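Student: I would like to learn how to read the features of a protein model, one at a time. Could you take me through some of them?

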Amino acid sequence: MNALLGSLVVLATFVTLCNAQCFVIPRTYVPGDSSDECTDVDGVKHPLNSNWKTEDCQECSCGPTGIQCCNNIPVPEGYDMNKCKKIFDKDNCKFIIVEQENPDQPCAVNEWML
């Protein structure tokens, strides 16, 4: 029994951590409306069971309960913040770390956070 309880606590912790950068937009139900789509925060309609990537690289899906979007981009944490800066590359959906004084020179990163 204790092993089962411990397993559930560990599972709940991982689920919480995995969803830390996700959000949900519930579908609004209007009586008599049988639409098979979701409307995102920009007012764009998406078909039910569709997937897309937003302009800021979030991966979203439209399901029966609404839209779920997640940020799956690792964020750099372990680098020299006094010497370097992070820049978000929207074209490739990733962060790059460069020297503040010489942006052509990359910086070493020891830790990434998802």
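Tutor: We will go through a sheet, a buried residue and some salt bridges, keeping in mind that this model is predicted.

Student: Let us begin with the sheet: in what order do the four strands of the open sheet lie?

Tutor: When reading a sheet, follow the order of the strands in space. Here the open sheet runs S1-S6-S5-S4, and its pairing is antiparallel. At the edges are S1 and S4, each of which pairs on one side only, and the twist from one strand to the next averages 20°.

Student: How many bridges join S5 to S6?

Tutor: Five bridges join these antiparallel strands, where S6 covers residues 66–70. One position to look at is Cys62, which stands opposite Ile67 in S6.

Student: Now take a single residue, Ile25: is it buried or exposed?

Tutor: The idea is to compare its relative accessibility with a cut-off, and a residue under 20% is called buried. Ile25 therefore counts as buried, because its relative accessibility is 18%. This residue is found in strand S1, which spans residues 22–26.

Student: Which residues is Ile25 in contact with, once its neighbours within four places in sequence are left aside?

Tutor: Ile25 is in contact with Thr39, Val41, Thr65, Gly66 and Ile67. For Thr39, which is 14 residues from Ile25 along the chain, the separation between the two C-alpha atoms is 8.6 Å.

Student: How many salt bridges does the structure hold?

Tutor: There are three salt bridges, and for each one it helps to ask which residues take part and where they lie. Lys90 and Glu55 form one of them, with an N to O distance of 3.9 Å. Lys90 lies in the loop between S8 (84–89) and S9 (94–99), while Glu55 lies in the loop between S4 (51–53) and S5 (59–63), so this pair ties together parts that are 35 residues apart in sequence. Lys90 is partly exposed, at 45% relative accessible area, whereas Glu55 is exposed, at 69%.

Student: Where do the partners Lys83 and Glu99 lie?

Tutor: The side chains of Lys83 and Glu99 meet in a salt bridge of 3.6 Å, N to O. Lys83 is in the loop between S7 (75–76) and S8, and Glu99 is in strand S9, so the pair ties together parts 16 residues apart in sequence. Lys83 is partly exposed, at 46%, but Glu99 is buried, at 18%.

Student: Which residue forms a salt bridge with Lys45?

Tutor: That partner is Glu37, and the closest N and O atoms are 3.9 Å apart. Glu37 counts as partly exposed, with a relative accessibility of 31%.

Definitions and conventions
Residues are numbered from 1 along each chain as its sequence is written. This is a predicted model: local features need pLDDT of at least 70, side-chain atom pairs count only at pLDDT 80 or more; totals for chains, interfaces and linings use all residues. Side-chain values use heavy atoms; hydrogens and water are left out. Helices (H or I, at least four residues) and strands (E, at least two) are DSSP runs, numbered from the N terminus. Buried means under 20% relative accessible area, exposed over 50%, partly exposed in between (1.4 Å probe, protein chains only). Contact means heavy atoms within 4.5 Å. A salt bridge is a side-chain nitrogen of Lys or Arg within 4 Å of a carboxyl oxygen of Asp or Glu. Two strands pair if DSSP finds at least two bridges between them. Axes are lines fitted to C-alpha atoms, for helices over the stretch in contact, and angles run from 0 to 180 degrees between N-to-C directions.
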